[in-house]
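Dear colleague,

Please find the structure below, and take a moment to look it over before you read my notes on it.

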Amino acid sequence: MNSEHICDISLAITGSGGAGSITAGELLLSLAGKNSCFGMMRRSFGPQIRGGEAAALIRISHRAVECMNDSFDLLLALDWNNADRFAEEIALRPDSLIIADPAAGDIPEAFQELGVEIIEVPMKALAKDITAGRPNMVALGLLSHWLGFCSDEAGKLIDQVFGRKGEEVTGGSRAAFTAGFTEPLIVAAREARPRPERGDPGNRGTRWHFNGNQGCGLGAIRGGIRFAAAYPITPASDLLEWLSPRLEQLGGSLVQAEDELASINMVIGASFGGVPSMTATSGPGLALMTEAMGLAVASETPAVVVNVMRGGPSTGIPTKSEQVDLNMAVYGLHGDAPHLVLGALDHADCILTTEWAVRLAEALQTVAIVLTDQNLAQSTVLIPEPKYELPEIPARVIAQPTDGYQRYEITDSGVSPMAIPGTASSTYVADGLEHTESGKPSTAAADHLAQLEKRSRKIQSFDFGGHWADIRGVGQTAILTWGSSSAVAREAGARLRAAGHEVKVIALRLLLPASPEKLAGELENVSRILIVEQSHSKQFHHYLRAFYDFEADTRTLARPGPLPITPAEIVEKIENWS
Amino acid sequence: MDQAAQQIALTPKDFKSALKPVWCPGCGDFAVLNAITKALAFMGLPREEVALISGIGCSSRIAAYTSVYGFHGVHGRALALASGLKAARGDLTVLVAGGDGDGLSIGGNHFIHACRRNMDMTYIIMDNEVYGMTKGQASPTTAPDWADSKLTPHGTGIRPFQPAGLALTAGASFIARGFTGDPNGLAKILVAAIGHKGFSFVQALSPCPTFRPEQMLWKHHVKAFDQEISSNPVEAAQRIQADDGMSTGIIYQNERPVFRPGTGVDNGMGSIESEFTI
Ligand SMILES: Cc1ncc(C[n+]2csc(CCOP(=O)(O)OP(=O)(O)O)c2C)c(N)n1
Ligand code: SF4
């Protein structure tokens, strides 16, 4: 056990399809909450559509954590089927520990090489002696003992989760858990090591337990979304699936469209009808939507697109994360098309950023693209209730019935009142053709200029307030980042501070429009900037270079997925600056 | 306002906007505009409760020439945009209009899915068997041997779609064909189409004198179907197949469940937020 991280343990549970590694992981994370801890969990699957090997990657800590750690302290293998597939993802150290079933055969070389200590527990055999007992519940017991969790809480959780399946399953699960929890091999091994500190009882209380997709969904409906159109794509599908019944509950609806071309156009149609609307997709789908996003900009129809980034280009690595659709989100629209691009920084921020995006799109009658990624979308956190306060943002300006109504009237703010179908005497035709103030198609230079300036002004002159970035710490060294790399950078910042460095971590939440003055203010006394992103071509770096000026010594830490950037990489880069 | 009062209040002219169409003299699309405004006036629909959605093409310009709510969107996606509008605003009367290229080529996927989805809306394809706006290329309804386009100097060599047949297989619940040479007949078809509960498809034969001058002879070929409206898809398919594509009238009508997403009842946030806590 790494003594530095004594209250912060990272563990992985692997097993072949049906072995229940994910279930065990989920229960362990829930138990963490009941034992005054926080945590997060990622699921990793082999390439099979269903039933392949799976790994639950879990971090449990006495403080709220928002990203995975550099390496794993413990690997529990229910079996070794194809486990070497996970070797890259589950980085062990020489002082890590492996718990494995001796009946599962030899430990794959990839794991053995490090000379890691191994405890062999016959999980399968232990489970076999118990009616309806399963090895993954034995594993849950072993790990709960290892973590010093309360066995009574575990029993209650098992009753709650398996209660529906009847007494035999519940009883078997409880008994298997106990067999693991009291297994002499694990008790002895635990005794031989320093105990992790007990959780601070002050940490008790309600936990929020959700993944980034659900966070975006909640933010969307808080922001007022009542219609969504959907075409399934990994890793955005679960967001759409989450929304469907909930929109219906709220009197709205979700329609499964024939493709992304349809889904974005449906969103525009519904929004034209006065209902705040969104879709969610991932890279390839966003590519298909770009033409219609231009229509939403030109016709000034509010529309929200949540784009959950995955490894690209093309089908790429659909189940893994990469921050690589920034270029497309910022530059992908044709014509001069001012719009909004926001990036969620962590799980809690998925709620805030999506709600903010919906409110901004409605207020500014334009497209808002929210970028998240697979890393956020499909990992689950256990954190304190996310609390935030958004600045006051006006609702969509609705036109009252008026004679001589001009849909695209030139106003000081650039925002023109929008008539909603059903409003008498204000009928108009929304148009993607350039138009006059009344909406009449026009090719006149003056009309084009006036409308371009209006559409640009409404965004440029809007006061976005303090949410443009999340800034932590002070110092002459700044880490500049975005999206899911933010939580990693914040953790690196905390470690650097603990080691005596003064570091400021700036994570940009509002990417378009850019905030050059605000960032310049934050960088005033900064002499070194490290730009951190998960992109091979350094998309964020190039974006920053396009919109901001830097005087400081500026370097990059940019690399592609699928492996997440670790806090240690950032720390190393700063410590070895010279 | 009751229906009778509306009828007195609004004439077809009231459903036209002040804009002068960009169409060439003699373009069939004028007659489609007239037929739509006539149908709407006849039905006594309040202008603000109607929305006309279109894509891109000469024909798609039509949205701007009416005085109802409209959306002139992007090429090929009018049906998708209209479906979103109708899903969110089931109270509106939604009409969609555009060209054969818009609806059957770039928008072909939306066409078959809109037929299948059977939302309560009316779709008019203004079929001139050519891309007018881009100056005369072959469309999916152009005959294979039409060789007047520089893009396909030997003709397309590909058999055209039969829009009515396509609509039938894809599940449209109302299928008709009209001709712009008979705007009153077309208006009558539109009244029935708009009144139909479900997805109604109207193919309007609408000549393009500029790029298909030979279509000016259509008036000599067009005739009325001599059979009653069928509610039997097998019979309708036979009728469509046996026809030369120039017979007009309502071919098929069969009510089937209309797609209406959601209940419209707001039950509040309820447990949604508490699902996040443990
Ligand atoms: C994405 C896209 N591709 C191509 C075009 C160019 N374009 C405009 S209208 C049109 C075809 C119009 O033909 P049709 O729909 O039959 O209508 P018509 O002009 O004959 O009424 C094309 C190809 C476009 N506007 N958008
Ligand atoms: S080009 Fe043909 S379809 Fe277009 S307006 Fe002229 S006549 Fe009509």
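What follows is a short account of the contact between the chains and of the largest pocket.

This is a predicted model, in which local features need pLDDT of at least 70 and side-chain atom pairs count only at pLDDT 80 or more, while totals for chains, interfaces and linings use all residues. Residues are numbered from 1 along each chain as its sequence is written, chains are lettered from A and ligands numbered from 1 in the order in which they are written, and side-chain values use heavy atoms, with hydrogens and water left out.

The contact (heavy atoms within 4.5 Å) involves 57 residues of chain A and 48 residues of chain B. Between them the two chains bury about 4,200 Å², of which 64% is on carbon and sulfur atoms; buried area is the accessible area, taken with a 1.4 Å probe, that two parts lose on being put together, summed over both. There are three salt bridges between chain A and chain B, a salt bridge being a side-chain nitrogen of Lys or Arg within 4 Å of a carboxyl oxygen of Asp or Glu. Arg222(A) and Glu273(B) form a salt bridge through their side chains, at 2.6 Å from N to O.

As for the largest pocket (an open set of points on a 1 Å grid over the protein atoms alone, where a 1.4 Å probe fits, with protein on both sides within 12 Å along at least five of seven lines), its lining residues, which have an atom within 4 Å of a point, number 36. Ser44(A), Phe45(A), Gly46(A), Gln48(A) and Thr319(A) lie nearest the centre of this pocket.

With best wishes
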